[in-house]
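User: Please examine the structure shown below. I should like a series of short questions and reasoned answers on its helix packing, its interface and its sheet.

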Amino acid sequence: MKTLLPLVRRALSKKTGKSYFIFAVGGALLGCTLLLVSVQLWSDMQATVRGNASLIGGDYIFLAKRVTTIGALAGGKGGFSDAEINTLRRQPFVLSVGRIEASRFQALLGMQFLHLISEAFFESVPDSFLDITPRDWTWNPRSASVPLIVSADFIDLYNFGFAAGHNMPQLSRKSVELVDFDLTVRSAGRSFVTKAHIVGFSDRVNSILVPTSFMTWANANYGVRGTYQPARLIVKTRDPADERLIRFVREHALQTNAERLRSGKVRILLELALSATALIGGVIVLLAAFVLVLYFQVMILRSDSEITLLSHLGVGWMTLFWTYFRRALVAIILIFGGSLGALVWSKNQISAIVDAQGFVLPEGIGMSVLLAAAAMFVMLLVGNAVAIMRGVRRLL
Amino acid sequence: MSIALHNVVPHPLRMFLTDHHSEVWNTQATFNKGERVFVSAPSGKGKTTLLMILYGVRKDYDGEVVCGEQAIRSRNHTRWTSVRRDSISVLFQELRLFPEMTGLENVALKNAITGYADELKLKEYAVRLDVAECLYRPCRQLSLGQQQRIALIRSLMQPFEWLLLDEPFSHLDADNAAAMAALIDEECESREAGLIVAGFTPFAGLKCGRELGL
């Protein structure tokens, strides 16, 4: 003869609203998926921004002391002392600090055959802070020519601004690299004449750069004497939008390049969008959980006379509870199996898209996602268990 | 275990009992262990109410019903569940079978709760009451008389000290009533169980020790 549970299920099976059930499970599935995917994206974004990869904006920022009117009138140089640089180096958000050396000699840069000549100003940064490393990026006193890296903005300014307005030909990067410049380095009565040529264009440093070896040599031989402090620093940071970094900049009256701020803003917008998605997902999950709970309450109420009769025949409330809770358990496992599957699938899709853009997302599903999933699992489980228990016991 | 009623007044009968003498309501009444009692009354005097109070379904009464040492009002749900599994069995007046389930399923459900009888015994009862072929049809297709006999077989699928029968022969012809009375007699005899039968007039085929008027 049959055992009890199948018979109890049979006695209560007459009235099941399949459409309610599908609606509730489908809704919960959608909500859970939305929530989990946005939490996953959020955690990927955190990991990416905090790691080495530069997904949005740069990891490099420039720091300078803010120029104030009073300071300028007082003739202050506004440089960074060694102590200040060391303080900066010790900050947890700083990976490394590079001094930007400025030329302290007079330099004339010209193209003799065009009779063009201009005063020039150079800076140098340690090579590890450059975004490009051209082949010819070396200099020693026997070199025939000084390599230069100029900001990519300069050639754009010339091509789209100056050349168009003055009826001059536009220049490609390659053709600019072929031009030989005449460089004269001067100081009180002495001068040094050499050639210079552009070897690359930097998107990161907005200046005219020479190799550190040339800068050191020229400053030593032709530079103005006296102690010198760098006016600008280049800082490599884990997270250009780090709260502590922003606070440090504000507290020490520093100014920084706008790029970092922009990336920070992009990130804030992205975080907002992801939070909104997570919020919507959360609301859908709550609504779906509510519908699921209602479904079981309706099921129990529809079978109220059967439940009462079963109880009068001596069926314990645990058996009645389990008959319904078993179905809730199946629904919840379906919801979580489905939404975790959808999460893995969408993670792969997003990874493929992001890979094509040249970025790499962290592998696998994040811990925070699993925690969120576990929290929802427990919420649905407990919510339904309580609702079913109450519904059944009220009829006994 | 004997059952004692101390001044029990069901709430719906309060008004009626002010000028009416009853041998059960609003007095001291005792059902002794193993005793067979016929409770007779016209409609509306609380026959079903009495059985449902004893079975723990109705709790809307004043006074106390004491079973053994304990007032049954204090039993919780778990206690009632176990009482309904092995102390008291009932044949409901309205039969209360699951209409979509077959006769066999209805009976097997009760038996699955208690594990009291085997399938052979169950079918033997069905043959004796001439409802063997009803076991395989949904109960909604059965006549009330057939349903009444299936419901009785269900009530036998457990150990009991008291068997409560609410108008047990109401839908049966004389032959079937006699067969059912014989089966009830045998079962109560072998289990040394008490019997409380509610109805309009006593059925000659089922011997009861005394009669109480409501």
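User: Which residues in α3(B) are met by L4(A), L7(A), R10(A) and A11(A) in α1(A)?

Analyst: In this predicted model, the contact joins helix α1 (residues 4–12) of chain A to α3 (103–114) of chain B. By class, the contact has seven nonpolar, no polar and two charged residues. The residues that α1(A) meets in α3(B) are E105(B), A108(B), L109(B), A112(B) and I113(B).

User: Are α1(A) and α3(B) parallel or oblique to each other, and why?

Analyst: The two axes come within 9 Å and cross at roughly 135 degrees. The crossing is left-handed. Angles of 65 to 115 degrees count as roughly perpendicular and those over 145 as roughly antiparallel; the two helices therefore count as oblique.

User: Which helix gives the most to the side of chain B that touches chain A?

Analyst: The interface places 17 residues of chain B in contact with 17 residues of chain A. On the chain B side, α2 (77–86) and α3 (103–114) each supply at least two residues. That side divides into seven nonpolar, three polar and seven charged residues. With seven residues, the helix that gives the most is α3(B).

User: How are α3(B) and α5(B) oriented relative to each other, and why?

Analyst: Helix α5 (residues 144–155) of chain B packs on α3(B) with the axes 8 Å apart and an angle of about 20 degrees. Their crossing is right-handed. Angles under 35 degrees count as roughly parallel, so the description of this pair is roughly parallel.

User: Which residues of α5(B) make the contact with α3(B)?

Analyst: From α3(B), the participants are G103(B), N106(B), V107(B) and K110(B). Across both helices, the residues of this contact divide into three nonpolar, two polar and two charged. The α5(B) residues are I150(B), I153(B) and R154(B).

User: Which strands stand at the edges of the open sheet in chain B?

Analyst: The sheet has four strands in the order β2-β1-β4-β5, with antiparallel pairing. A strand at the edge has a single partner strand, so one side of it is left without a neighbour in the sheet. The edge strands are β2 (28–31) and β5 (70–71) of chain B.

User: How many bridges join β1(B) to β4(B)?

Analyst: Strand β1 (residues 3–10) and strand β4 (residues 61–67) of chain B run antiparallel. Within this pairing, A4(B) stands opposite V66(B), while P10(B) stands opposite Y61(B). The number of bridges is six.

User: Which residue in the turn between β4(B) and β5(B) has a positive phi?

Analyst: The two strands pair in the antiparallel sense over two bridges, and V66(B) of β4(B) stands opposite A71(B) in β5(B). They form a hairpin with two residues between them. In that turn, a positive phi of about 70 degrees belongs to G68(B).

User: Why does V94(A) count as partly exposed, and how many C-beta neighbours does it have inside 10 Å?

Analyst: V94(A) lies in strand β2 (residues 94–102) of chain A. A residue is buried if 20 or more other C-beta atoms lie within 10 Å, and exposed if 12 or fewer do. V94(A) counts as partly exposed because its number of C-beta neighbours inside 10 Å is 19.

User: What separates the C-alpha atoms of V94(A) and V235(A)?

Analyst: Not counting residues up to four places away in sequence, V94(A) touches L88(A), R89(A), V235(A) and T237(A). V94(A) and V235(A) are 141 residues apart along the chain. Their C-alpha atoms are separated by 6.9 Å.

Conventions:
Residues numbered from 1 in each chain as written. Chains lettered and ligands numbered in written order. Predicted model: local features only at pLDDT ≥ 70, side-chain atom pairs only at ≥ 80, totals over all residues. Contact = placed C-beta atoms within 7 Å. Nonpolar A, V, L, I, M, F, W, Y, C, P; charged D, E, K, R; others polar. Axes fitted to C-alpha atoms, helices over the stretch in contact; angles between N-to-C directions. Left-handed = near helix turned anticlockwise from the far one by under 90°. Pairing = 2+ DSSP bridges.
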